[in-house]
Amino acid sequence: MSLLFQPMALRGLSLPNRVWLAPMCEYSAVDGVPNDWHLVHLGSRAVGGFGLVLTEATAVVPEGRIAPEDTGIWNDEQTAAWKRIVDFVHERGARIGIQLAHAGRKASTFRPWSPVHGTVPASDGGWPTVGPSASAYPGYDAPDEMTPAQVADVPEQFAAAARRAREAGFDAVEVHAAHGYLLHQFLSPLANFRTDAYGGSPEGRSRLVEETVGAVRSAWPDELPVLVRLSATDWLENGLGVDDVAAVAGRLGRLGADLIDVSTGGVAPATIAVGPGYQVPHARRMRELTGLPVSAVGLISDPAQAEQILVEGSADAVMLGREALRDPYWPLRAAHTLGEKIGTLPVDSGVGMQPQYNRAQWR
């Protein structure tokens, strides 16, 4: 059996394979409530054989949304809407995780295909933003520097969202501490200029993400995993590098994080040499330095490429983003390409073929 289609266990959660759907914002919710778009987006990837599907960045509080159209999980209506989606994914034999997020100074922005860019004004449904310091992301309005009381509220906001996620039936939670959003803003010296206990040193800048992961771990069942997405590098001089972030990841592991979802960048504009698997070396380095399981993401599109990432020990699982948007059934195609048996549900060989689609099996 190829490594790509071997099962994987994180705590008490058994994952049918190591091909996972990366979190991708859909900017299609109203008042934070997921709808039929999200059901089809996530459900079709479950039908397509992804062993774990992750939701988009889901805000833990209204002001934590990247855009007004982001999903949330801060009230009962949202929790019930997520449960419908979770139940469908489970019926397909896949597992589902929710990415919990707060956008900080990158909140209240127009969605990408809007003809207008930047910060959404209050007159158009936007809101004032907050961050570790009153320093703006280029092109956005400056945030208000968070007070000590506001900072102290963040871990419980994530923990409350985790409790709602379990009520909805999610199998895993992922704390989003990457891509220049609030927790990454606290981590990076390019966005955090505080001189109190939450700034001033690498240990001070990492305090909030450590407290948040600890709070989520305490709120989440012991038998289910907590993932953390980290940007392994800021790609900028005087910013974070992979060794810096690995030191943080090691402490998060001791606090109960079970896997590091390794991505890069986002705290400030940077020139990045993008190519197939361009972030994989950072995942490998993170795995070597921490001893924790990691996932790799970033222009992974070919089955042989994905398999090699696991064979060479660069990651324990791969996440697909753009390729999964183009082909919701990528795992089924990859299983065929790698010579794997395509089973039927319940998943019996790492990837399942829905009975309605049995005629689609290759001969």
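This report describes the strand barrel, a helix pair and selected residues of a predicted model.

**Barrel**

The barrel is closed by 8 strands, taken in the order S3-S4-S5-S8-S9-S10-S11-S12, with parallel pairing. From one strand to the next, the twist averages 30°. Strands of a sheet pair through backbone hydrogen bonds, and the pairing is either parallel or antiparallel. One pair of strands can be followed in detail: strand S10 (residues 259-263) and strand S11 (residues 294-297) run parallel and are joined by 3 bridges. Asp-261 has Ser-295 in S11 as its bridge partner.

A helix also lies against this part of the barrel sequence. Helix H7 (residues 242-254) lies across S10 and strand S9 (226-231), and its direction is at about 170° to S9.

**Packing of H2 and H3**

Two packed helices are described by the angle between their axes and the distance between the axes. For helix H2 (residues 76-91) and helix H3 (residues 148-168), the angle is about 45° and the axes are 8 Å apart. H2 is therefore oblique to H3, and the crossing of the two helices is right-handed. On the H2 side, Asp-76, Thr-79, Trp-82, Lys-83 and Val-86 take part in the contact, and they meet Arg-164, Glu-167 and Ala-168 in H3. By class, this contact has 4 charged, 3 nonpolar and 1 polar residues.

Pro-148 also lies in helix H3. Its relative accessibility is 58%, so Pro-148 counts as exposed. Between Pro-148 and Asn-75 there are 25 Å in space, C-alpha to C-alpha, and the two are 73 residues apart in sequence.

**Loop between S3 and H1**

Most residues other than glycine have a negative phi. Tyr-27, which is not a glycine, nevertheless has a positive phi of about 50°. Asp-31 is likewise not a glycine and has a positive phi of about 55°. Tyr-27 lies in the loop between strand S3 (19-21) and helix H1 (36-47), and Asp-31 lies in the loop between S3 and H1 as well. The table sets out the values for these residues.

| Residue | Phi | Relative accessible area | Class |
|---|---|---|---|
| Tyr-27 | about 50° | 12% | buried |
| Asp-31 | about 55° | 57% | exposed |

Tyr-27 is buried because its relative accessible area of 12% is under 20%. Asp-31 is exposed because its relative accessible area of 57% is over 50%.

Conventions. Residues numbered from 1 in each chain as written. Predicted model: local features only at pLDDT ≥ 70, side-chain atom pairs only at ≥ 80, totals over all residues. Heavy atoms only, no water. Axes fitted to C-alpha atoms, helices over the stretch in contact; angles between N-to-C directions. Helix = DSSP H or I, 4+ residues; strand = E, 2+ residues; numbered from the N terminus. Parallel < 35°, antiparallel > 145°, perpendicular 65-115°, else oblique. Left-handed = near helix turned anticlockwise from the far one by under 90°. Contact = heavy atoms within 4.5 Å. Nonpolar A, V, L, I, M, F, W, Y, C, P; charged D, E, K, R; others polar. Pairing = 2+ DSSP bridges. Buried < 20%, exposed > 50% of the residue type's maximum accessible area, 1.4 Å probe, protein only.
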